[in-house]
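Here's a walk through one protein model, starting with its charged pairs and ending with a helix. Keep the structure open as you read.

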Amino acid sequence: MNKKEVIERIETEIKNCKKCDLCKTRIKPITDGGNLDAEVMFIGEAPGYNEDLTGKAFIGKAGEILNKLLKSIDLPREDTYITSIVKCKPPYNNDPTDEHITACKPYIDRQISIIRPKVIVPLGRFACAFIFEKYGLKKERISEVHGKTYTVNSLFGCIKIIPQYHPSVACYNVNMMDTLLEDFKAVRHNI
Ligand code: URA
Ligand code: SF4
């Protein structure tokens, strides 16, 4: 099977997945991540209202901010792969639980090993904690690690991890946009 076929198989499994209770309330899980040859992979938390309707990550308000951040570093969205650690929307915009994250983990693990990104950008504290644990990095608060670059080894070579605050923080706090713009420069420096 080639890369596209493997990814499509994972997407079909996600569409049919009933491994946690979020399957009961979701409309569409996140499947369409974008460019399968992406060097940079962005990983969010879980779908929100708009993502649930479409099955595509970061297309609502947080997505508009992510688009601005991508533009600021001249990185076309079509060149990236964008997904989330939890594929189905938690009800009432609750945070995903440990059970949801653990049940959904095999999908993101497989997506990373197929896409083989050079740079992984976890967005927000849940994705950052998940990626730090996956690659054996010391657990730290996002306020300590945002915008820094960590180099880790994986089965397919070295990966740069560049944690970021979740783009939605800029919806409520304009100063956070400046922090995000500054922190995203580290992504540009590593591609
Ligand atoms: N928040 C996320 O983490 N992902 C989305 O796709 C939308 C909001
Ligand atoms: Fe399956 Fe993940 Fe959706 Fe839970 S969140 S039902 S594990 S795809």
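K3 counts as partly exposed because its relative accessibility is 27%, a value that falls between the 20% and 50% cut-offs. Bear in mind that this is a predicted model. The partner of K3 is D37: the two form a salt bridge, and their closest N and O atoms sit 3.0 Å apart. K3 belongs to helix α1 (residues 3-15) while D37 is in the loop between α1 and β1, so this pair ties together parts that are 34 residues apart in sequence. D37 itself is exposed, with a relative accessible area of 58%.

How many salt bridges does a search of the whole structure find? The search turns up nine. Here are three of them, with the N to O distances:

| Salt bridge | Closest N to O |
|---|---|
| K3 and D37 | 3.0 Å |
| K105 and D109 | 2.7 Å |
| K138 and E140 | 3.9 Å |

Take K105 and D109. They are four residues apart in helix α4, so about one helical turn separates them. K105 is partly exposed at 33% relative accessibility, whereas D109 is buried, with a relative accessible area of 19%. The pair also belongs to a network of salt bridges that links K105, D109 and K134. As for the K138 and E140 pair, K138 is exposed at 62% relative accessible area, and E140 is partly exposed at 39%.

Now for a lysine without such a partner. K89 is found in the loop between β2 (81-84) and α4 (98-115). K89 is buried yet has no salt bridge, and the nearest side chain of opposite charge, D52, is 5.5 Å away. Why doesn't that count as a salt bridge? Because a salt bridge needs the nitrogen and the carboxyl oxygen within 4 Å, and D52 is 5.5 Å from K89. Leaving aside residues up to four places away in sequence, K89 touches L22, T25, R26, P47, G48, Y49 and D52.

On to the strands. β1 and β3 run parallel and are joined by four bridges; F42, for instance, has V121 in β3 as its bridge partner. β3 also runs parallel to β5 (residues 157-161), with two bridges between them, and V119 stands opposite K160 in β5. β5 in turn pairs with β4 (residues 150-154) in the antiparallel sense, over five bridges. Y150 has I161 as its bridge partner in β5, and a hairpin of two residues joins β4 to β5.

Is β3 covered on one face or both? Both: V119 and V121 are buried on one side, and I120 and P122 are buried on the other. In a regular strand, side chains alternate between the two faces of the sheet.

Last comes helix α8 (residues 174-189), where M176, M177, L180, D183, F184, A186 and V187 are buried. Looking down the axis of α8, these buried residues fall within an arc of 155°, so they line one face of the helix. Among what covers them are β1 (40-44), α3 (61-72), β3 (119-122) and α7 (169-172). On the other side of α8, N175, D178 and H189 are exposed. At the start of α8, a side-chain oxygen of N173 comes to within 3.0 Å of the backbone nitrogen of N175.

Definitions and conventions:
Residues are numbered from 1 along each chain as its sequence is written. Chains are lettered from A and ligands numbered from 1 in the order in which they are written. This is a predicted model: local features need pLDDT of at least 70, side-chain atom pairs count only at pLDDT 80 or more; totals for chains, interfaces and linings use all residues. Side-chain values use heavy atoms; hydrogens and water are left out. Buried means under 20% relative accessible area, exposed over 50%, partly exposed in between (1.4 Å probe, protein chains only). The arc is that of the directions from the helix axis to the C-beta atoms. Contact means heavy atoms within 4.5 Å. A polar contact is a pair of N or O atoms within 3.5 Å; within protein, one must be able to donate a hydrogen and the other to accept it, and residues adjacent in sequence count only if both atoms are side-chain atoms. Lys and Arg count as positive and Asp and Glu as negative; His and the chain ends are not counted. Two strands pair if DSSP finds at least two bridges between them.
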